[in-house]
Amino acid sequence: MEQKIFDCAIIGGGLAGLTLAIQLADSGCTVILFEKESYPFHKVCGEYISMESYSFLERIGIPLSSMHIPMITEVLVSSVNGNSLTRKLDMGGFGIRRYTLDAAMAKLAVQKGVTLLEQTKVTDIKREGDLFQIKTAQGNFSSKLACGAFGKSSVLERPLGRLTAKSAGEKNYVGVKYHVKTDLPDNRIELHNFNDGYCGISKVDGDVYCLCYLTGSENLSRSGNSIKTMERNILMQNPFLQRYFTHSHFLYDEPLTISQVTFKRKSQVANGILILGDAAGSIAPLCGNGMSLAMHASFIAAPLILDFLKGRLTHQELCMIYEKQWKEHFSKRIKTGERIQHLFGKNILTNAAIGTLKLFPKLADALISMTHGKPF
Ligand SMILES: Cc1cc2nc3c(=O)[nH]c(=O)nc-3n(C[C@H](O)[C@H](O)[C@H](O)COP(=O)(O)OP(=O)(O)OC[C@H]3O[C@@H](n4cnc5c(N)ncnc54)[C@H](O)[C@@H]3O)c2cc1C
């Protein structure tokens with residue numbers, strides 16, 4: 001039997017891959033989406049989505065307004081010594097578990113006609129002539145175009161020639177996430193600094209709170225690779241975190257963790273494959289907007305892909321225009337995030353910064369708004 005050639009193959013069913021698949025299927029394209037896990041599943045993520053994505057999600061068919069999700073309108077930031085600043089969020093956001101959102105999107109994608117292969121890890125991808133050949137343990141597939149939305153780290157970095165040597169001073173981070181029952185206003189996100197890290201906490205659907213932190217991997221090795229020891233000795237030096245860790249009900253026996261998180265600059269096109277989401281470049285999580293960036297990239301890519309499939313753009317033009325538009329939209333925000341990330345987690349600096357921002361609250365508002373984009 002002759003092998004089916006899909007219009008577009010998407011590797012990775014996180015927010016970038018799923019939203020792209022839905023938009024392309026809506027426009028009549030044949031789409032195959034590969035996801036190595038199976039839905040629903042949890043992910044290490046703070047689960048705060050900035051409002052810039054709200055109307056986009058509703059437009060593509062995720063009925064957020066009837067999903068009983070908390071709307072977040074203020075932020076509290078604390079320094080390591082517990083000095084804190086509270087500000088209203090101009091744009092704000094909402095809280096939803098990835099367990100809920102990714103699964104709802106996967107269901108919608110299938111309803112729209114996307115061929116979704118779960119528990120299917122892509123191990124190699126090559127361009128041969130005008131087609132892309134995608135290799136998985138479950139078989140090989142062909143498509144006219146391929147998109148990589150495989151997140152921060154993937155076995156695909158090597159075949160795509162993007163595995164760069166570790167540069168001097170490059171930091172590795174560890175991410176840890178819990179769902180907890182605790183007491184915190186529903187409309188507030190809190191961001192608490194500790195030595196070499198920060199921890200966010202805010203409400204999500206299902207009447208629980210997401211407590212998620214990112215820290216330099218040295219903190220873990222210094223704690224004998226014990227998360228509990230690290231939390232007790234390092235995170236709980238911040239009085240807010242001391243209270244959350246000792247007075248909350250933790251819903252999992254063990255937290256969800258990821259290691260070897262880096263914030264390297266990445267390319268948006270590799271071997272003719274369009275790269276989206278964290279795989280194309282990620283913003284520091286404390287800016288809370290990686291998910292919006294991932295979805296916004298799909299919103300940029302979808303109409304360009306349609307132009308290519310309809311013969312209005314060559315493949316080379318598609319790659320060039322996508323890369324240019326990606327940089328125009330996101331490069332500045334990612335750089336701002338990098339600068340703020342350097343400041344966070346440093347005892348003296350955050351103590352001083354919170355003190356200064358309390359005196360000049362408009363400066364705090366300006367910093368916050370630089371990390372949030374416009375609705376799309
Ligand atoms: C600690 C932490 C906290 C964060 N908090 C927030 C927050 O509060 N708000 C926010 O907006 N952002 C936050 N982020 C960032 C956010 O999680 C990411 O920006 C977002 O998930 C990116 O979406 P994505 O689709 O690019 O990747 P992902 O959501 O990571 O999806 C990639 C998918 O690809 C799959 N995959 C990988 N390789 C393969 C393969 N070879 N074959 C098949 N499938 C594959 C993976 O299983 C995964 O499902 C946080 C990140 C961290 C680390």
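**Exercise 1. Find the backbone atoms that face ligand oxygens.**
In this predicted model, how far does a backbone N or O atom of Met291 lie from an oxygen atom of the ligand?

*Solution.*
- Step 1. Start at Met291. One of its backbone N or O atoms lies 2.8 Å from a ligand oxygen.
- Step 2. Move to Gly290. Here the distance from a backbone N or O atom to an oxygen of the ligand is 3.2 Å.
- Step 3. Go to Ala16. Its backbone N or O atom is 3.0 Å from a ligand oxygen.
- Step 4. Apply the cut-off. A polar contact is a pair of N or O atoms within 3.5 Å, so the pair at Met291, at 2.8 Å, counts as one.

**Exercise 2. Describe the shell around the ligand.**
What share of the ligand's accessible area does the protein cover?

*Solution.*
- Step 1. On its own, the ligand has 1,000 Å² of accessible area, and the protein covers 94% of that.
- Step 2. Look for elements that give two or more residues to the shell. They are helix H1 (15-26), strand S13 (208-216) and helix H7 (290-309).
- Step 3. Rank them. H7 gives the largest share, three residues.
- Step 4. Pick out the nearest residues. Of the 38 around the ligand, these are Glu35, Gly46, Tyr48, Arg98 and Asp278.
- Step 5. Sort the shell by type. It holds 19 nonpolar, 11 polar and eight charged residues.

**Exercise 3. Place the ligand relative to the domains.**
Why does the ligand lie between domain 1 and domain 2?

*Solution.*
- Step 1. Set the bounds. The domain assignment gives domain 1 as 5-45 + 98-161 + 263-339, and domain 2 as 65-94 + 170-262 + 343-371.
- Step 2. Check the shell. Both domains give residues to it, so the ligand lies between them.
- Step 3. Take the centres over C-alpha atoms. Those of domain 1 and domain 2 are 29 Å apart.
- Step 4. Look at the contacts. In domain 1, 17 residues touch 23 residues of domain 2.
- Step 5. Add the buried area. The two domains bury about 1,700 Å² between them, with 67% of it on carbon and sulfur atoms.

**Exercise 4. Spot two backbone exceptions.**
Which residues does a cis peptide bond join, and which residue has a positive phi although it is not a glycine?

*Solution.*
- Step 1. Recall the rule. Most peptide bonds are trans, and most residues other than glycine have a negative phi.
- Step 2. Find the cis bond. It joins Tyr39 and Pro40, with omega about -5 degrees.
- Step 3. Locate Pro40. It sits in the loop between strand S2 (31-34) and strand S3 (48-50).
- Step 4. Find the positive phi. His68 has one of about 50 degrees.
- Step 5. Locate His68. Its loop runs between helix H2 (54-60) and strand S4 (71-78).

Terms used. Residues are numbered from 1 along each chain as its sequence is written. This is a predicted model: local features need pLDDT of at least 70, side-chain atom pairs count only at pLDDT 80 or more; totals for chains, interfaces and linings use all residues. Side-chain values use heavy atoms; hydrogens and water are left out. A residue is near a molecule or strand if one of its heavy atoms lies within 4 Å of it. A polar contact is a pair of N or O atoms within 3.5 Å; within protein, one must be able to donate a hydrogen and the other to accept it, and residues adjacent in sequence count only if both atoms are side-chain atoms. Accessible areas come from the Shrake-Rupley method with a 1.4 Å probe; for residues, only the protein chains shown count as cover. Helices (H or I, at least four residues) and strands (E, at least two) are DSSP runs, numbered from the N terminus. Ala, Val, Leu, Ile, Met, Phe, Trp, Tyr, Cys and Pro count as nonpolar, Asp, Glu, Lys and Arg as charged, and the others, Gly among them, as polar. Domain bounds come from an automatic or database domain assignment. Contact means heavy atoms within 4.5 Å. Buried area is the accessible area (1.4 Å probe) that two parts lose on being put together, summed over both.
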